[in-house]
2 protein chains.
Amino acid sequence: MTKHQKIAADLRDAITTGEYPAGSLLPAIPDLMSRYGVARDTVRDAIATLTNEGLVLPRRGVGTVVRETAPVQLGYSGSRAVARTWQDQAGAGQDEVISAEWEPADPEIAERLGVEPGSRVVHRVRHFAKGSGIAQITDQWLPEHVVTAVHENGAGDLADAAHRPDTGADLFRLLADAGHAPVEADETITTRMPDPLEREAMELPPGVPVLVTYRITTDGSGRPVETTTAVGAGDRMSARFRLPLKY
Amino acid sequence: MTKHQKIAADLRDAITTGEYPAGSLLPAIPDLMSRYGVARDTVRDAIATLTNEGLVLPRRGVGTVVRETAPVQLGYSGSRAVARTWQDQAGAGQDEVISAEWEPADPEIAERLGVEPGSRVVHRVRHFAKGSGIAQITDQWLPEHVVTAVHENGAGDLADAAHRPDTGADLFRLLADAGHAPVEADETITTRMPDPLEREAMELPPGVPVLVTYRITTDGSGRPVETTTAVGAGDRMSARFRLPLKY
DNA sequence: GAGTGGTCTAGACCACCAA
DNA sequence: TGGTGGTCTAGACCACTCT
């Protein structure tokens, strides 16, 4: 085990055993340098390891802060009305439509929606905010025939974010009223590290991954009525499901 | 923007634009040193950034390899028989029971199962393997009354991994036969970086987070029959759901 | 053996924060 | 103002891989 690995292991143990509780500071770099008899960058390597594990957050002028371990909300508090609920750690936030516009479907979106690549779709971008920051960025696409049906039903233009700010269940009701009631969603959830843009938008500290959700929603005939890609901050979002079991 | 940030940004762009496709090598460190006129550690800082983003994987004696971008499997290939399926990128793997033993319930498990802390529960550990490596580690706990019911039903001892290696749907059938049919699962999915033990067990490269699933399964009376915590490799696992919609 | 990345040093200067 | 972490250098040696 190298020196910086040894230092990282020592500090990690001290954090997990509670010697350095959440919110407290690790010893300063010069302190650790003399304690272990190593150079500055060796200590920094060790701290970088813990930073990338999401354990600590170095702050200039302050010190290396031990991060809160994100408690995962459990227990039976969810609603039975929907099979799936997004939640953060302490209740709901605000889902806001940032933009909505027509665009040609790229190959992936076209395949998800079962339309020809390049055909017209409405692309809606939403930000789910909790407190001061953005916790999830959602990209949603709807095929032209669904948007047209909603419009002809007198419900307005889904490509107009200002006049149709609907999200989630509200949007689904619009589709249902227009004869395209969503009856099933096919969701796939995975995770990865954020790219720099996502890191900036959601103010993600180092060592925090994102939850990525891909969804295709279909109506009674099995035809897709919308597809969604959502990227959520891993330290603030979790996905919760109530599933009827068959086996 | 600092020098190492600039270098990282340049390399990231080159990767995403396809100049360095997956599997290819980045320029060697001495090469980048002379190209940018910087010291070795400055280049290493830049490469460390990309490593922690999951983009590259430095290999001694070889070079800095551009990683495959994990393609997410989409489309309608899942079974309707169960509402949720775990899958890796190319089919199913092997779920093996590593251990099964009685232990006193710690406070969290006791709360999930609705039993007294310290009461006897069976703790089963499973490894889900795909190819050569472990893709998911599952910890499962069952309350004493359920284990007893299965045993009295003549189905053997769930604390005996060798004789009761059942997982997933097979295990659920045992519970159902013993009068504790699971009818609903409450799942919460989140993500975080792995700890060193998880990283070693699942052979996780740097920059790969884990998917964490918490589940409580209940029978027809709403009483928990098992609870599970699963940790899956973010680059090999995704969770897929088919959800009936209500709104 | 040649080339790759990994570790480590000793020192310097900068950016930031709180008292 | 003093202490914190962030960046960067020039050089050295080590561990590993491939030929």
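A residue is near a molecule or strand if one of its heavy atoms lies within 4 Å of it. The model described here is predicted. Of the atoms of DNA strand D within that 4 Å distance of the protein, 64% belong to sugar or phosphate, and the rest belong to bases.

## Overall architecture

Chain A contains seven helices and ten strands. Its 247 residues include 49% that are buried. Among the contacts in chain A with a separation of 6 or more, 62% join residues 24 or more positions apart.

Chain A can be laid on chain B by a turn of 180° and a shift of 0.0 Å along the axis, with an RMSD of 0.0 Å. The two copies are therefore related as by a two-fold rotation axis. The same surface serves both copies, since 100% of the contact residues of chain A recur in chain B.

## The surface near DNA strand D

There are 25 residues around DNA strand D, and those that come nearest are A:Arg40, A:Gly61, B:Lys3, B:Ala39 and B:Thr42. By class, this surface has eight nonpolar, eight polar and nine charged residues.

Individual atom pairs reach both the bases and the phosphates. A polar side-chain atom of A:Asp41 lies 3.3 Å from a base nitrogen of DNA strand D. On the phosphate side, polar side-chain atoms of B:His4 and B:Thr42 each approach a phosphate oxygen of DNA strand D, at 2.9 Å for B:His4 and 2.5 Å for B:Thr42. Several elements give two or more residues to this surface: from chain A, helix 2 (29-36), helix 3 (40-52), strand 1 (56-59) and strand 2 (63-66), and from chain B, helix 1 (3-16) and helix 3.

## The surface near DNA strand C

DNA strand C is surrounded by 25 residues, of which the closest are A:Lys3, A:Ala39, A:Thr42, B:Ile29 and B:Arg40. Sugar and phosphate account for 65% of the atoms of DNA strand C that come within 4 Å of the protein. The residues of the surface divide into eight nonpolar, eight polar and nine charged.

Here chain B supplies backbone as well as side-chain atoms to the pairs listed. A backbone N or O atom of B:Ile29 lies 2.9 Å from a phosphate oxygen of DNA strand C. An N or O atom in the side chain of B:Asp41 is 3.3 Å from a base nitrogen of that strand, and a polar backbone atom of B:Gly61 is 3.0 Å from a base oxygen. The elements giving two or more residues to this surface are helix 1 (3-16) and helix 3 of chain A, together with helix 2 (29-36), helix 3, strand 1 (56-59) and strand 2 (63-66) of chain B.

The atom pairs described for the two strands are collected below.

| Protein residue | DNA partner | Distance |
|---|---|---|
| A:Asp41, side chain | base nitrogen, DNA strand D | 3.3 Å |
| B:His4, side chain | phosphate oxygen, DNA strand D | 2.9 Å |
| B:Thr42, side chain | phosphate oxygen, DNA strand D | 2.5 Å |
| B:Ile29, backbone | phosphate oxygen, DNA strand C | 2.9 Å |
| B:Asp41, side chain | base nitrogen, DNA strand C | 3.3 Å |
| B:Gly61, backbone | base oxygen, DNA strand C | 3.0 Å |

## Helix 3 of chain B

B:Thr49 is found in helix 3 (residues 40-52) of chain B. Its relative accessibility is 27%, so B:Thr49 counts as partly exposed. Leaving aside neighbours within four places in sequence, B:Thr49 is in contact with B:His4, B:Ala8 and B:Arg12. B:Thr49 and B:Gln5 are 44 residues apart in sequence, yet their C-alpha atoms are 8.3 Å apart in space.

## The aromatic pair between the chains

A search of the whole structure finds one aromatic pair over all chains. The pair is formed by A:Phe241 and B:Phe241 and is stacked, with 3.8 Å centre to centre and 0° between the planes. A:Phe241 lies in strand 10 (residues 238-244) of chain A and B:Phe241 in strand 10 (residues 238-244) of chain B, so the pair joins two chains. A:Phe241 is buried at 0% relative accessibility, and B:Phe241 is buried with a relative accessible area of 0%.

## A buried glutamate in chain A

A:Glu226 lies in strand 9 (residues 224-233) of chain A. With a relative accessible area of 0%, which is under the 20% limit, A:Glu226 is therefore buried. Its side chain makes polar contacts with the side chains of A:Arg215 at 2.9 Å and A:Thr228 at 2.6 Å. Not counting residues up to four places away in sequence, A:Glu226 touches several others, including A:Leu113, A:Trp141, A:Phe172 and A:Arg215.

Key: Residues are numbered from 1 along each chain as its sequence is written. Chains are lettered from A and ligands numbered from 1 in the order in which they are written. This is a predicted model: local features need pLDDT of at least 70, side-chain atom pairs count only at pLDDT 80 or more; totals for chains, interfaces and linings use all residues. Side-chain values use heavy atoms; hydrogens and water are left out. Helices (H or I, at least four residues) and strands (E, at least two) are DSSP runs, numbered from the N terminus. Buried means under 20% relative accessible area, exposed over 50%, partly exposed in between (1.4 Å probe, protein chains only). A polar contact is a pair of N or O atoms within 3.5 Å; within protein, one must be able to donate a hydrogen and the other to accept it, and residues adjacent in sequence count only if both atoms are side-chain atoms. Contact means heavy atoms within 4.5 Å. Copies are superposed by least squares on the C-alpha atoms of residues with pLDDT of at least 70 in both. Ala, Val, Leu, Ile, Met, Phe, Trp, Tyr, Cys and Pro count as nonpolar, Asp, Glu, Lys and Arg as charged, and the others, Gly among them, as polar. Rings of Phe, Tyr and Trp (its six-membered ring) pair if their centres lie within 6.5 Å; planes under 30 degrees apart count as stacked, over 60 as edge-to-face and the rest as tilted.
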